[in-house]
Amino acid sequence: MISLIIPVYNESENLPDLLEKIASLEVSSSLELVIVDDSYDDLTLKSTESFNSRLNIKYLHRKKRLGLASAVIDGFNEASSGILVCMDGDGSHPPQKIDELGAMIREGHSMVMASRNVPGGGADSEWSSVRKLISKICNLLVRPLTGIKDPMSGFFAVSKDFFESVKPRLKPISYKIALELAVKGRLKGIPEIPFKFEERKAGSSKVNFSVIGGMIYHFISLYCWRVFARKV
């Protein structure tokens, strides 16, 4: 079984399309979906109700917006499987890659990234030039920390054992929990598989100046941790 963690915030327009694609997968019957919802209302919850008979869904509705990174951690904690896959709820990540990510964890990898920046990967033409620039700059800023070509993709898999071993060192202060897992797990040579990023069909991106500021602060904190942390 694979536990698929989907953090969402006001995604009632996009999440049903994503769940329909997941339900159509051959591996859908072996998936456990953990949806972590920070929405201020129950619209996102209601948008998923028709899938309860087709998919194994655990729904965690948090009482206030606590951030994407902490949502992923809460989802990982709720998961029952030894294989944890995280993807966005806005439809930007292709569900067809879920099984491939899970298979690589079964092969013994602690962490696997789905990447836009390896051969075969990329982003669709509707992704704004500003978002592309922000992504490129962020990737360059953190490349020395991990060597991962696309640590900001948000689409990745880890083993539950690896997550549990790193969890005491995690401080989820930003959007990019995968980056923190890789750094504080002291992983090297993390494999990356290609995927094509698709722009969301409805709603707007959650990225704003506050989010960007939080990510930069997170980057600085990870560099400081790398330099000053004791080997624990």
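Begin by selecting S115 in this predicted model and displaying the residues around it: leaving aside residues up to four places away in sequence, S115 touches G121, K149, D150, E192, I193, P194 and F195. Keep S115 selected and turn to its side chain, which reaches the backbone nitrogen of N117 at 2.9 Å. S115 counts as buried because its relative accessibility is 0%, and buried here means under 20%.

Next, colour strand β5, residues 111-115, which is the strand that holds S115, and then add strand β7, which pairs with β5 in the antiparallel sense over three bridges. Within this pairing, select V112 and look across to A157 in β7, its bridge partner. On another side of your selection, bring in β4, which also pairs with β7 in the antiparallel sense, over four bridges, and find C86 standing opposite F156.

Now show the side chains of β7, residues 156-159, where F156 and V158 point one way while A157 and S159 point the other way, and all of them are buried. In a regular strand the side chains alternate between the two faces of the sheet.

Finally, select the largest nonpolar core, which has 30 residues, with I6, I22 and L33 having the most contacts inside it. At least two residues of this core come from each of β1, α1, β2, β4, α4 and β5, and α1 supplies the largest share, five residues. Centre the view on L33, whose contacts, again without residues up to four places away in sequence, include L4, I6, L19, I22 and L55. Apart from this core lies another, of 26 residues, including V34, I73, I177 and A182.

Terms used: Residues are numbered from 1 along each chain as its sequence is written. This is a predicted model: local features need pLDDT of at least 70, side-chain atom pairs count only at pLDDT 80 or more; totals for chains, interfaces and linings use all residues. Side-chain values use heavy atoms; hydrogens and water are left out. Buried means under 20% relative accessible area, exposed over 50%, partly exposed in between (1.4 Å probe, protein chains only). A polar contact is a pair of N or O atoms within 3.5 Å; within protein, one must be able to donate a hydrogen and the other to accept it, and residues adjacent in sequence count only if both atoms are side-chain atoms. Contact means heavy atoms within 4.5 Å. A nonpolar core is a set of buried Ala, Val, Leu, Ile, Met, Phe, Trp, Tyr and Cys residues joined through side-chain atoms within 4.5 Å. Two strands pair if DSSP finds at least two bridges between them.
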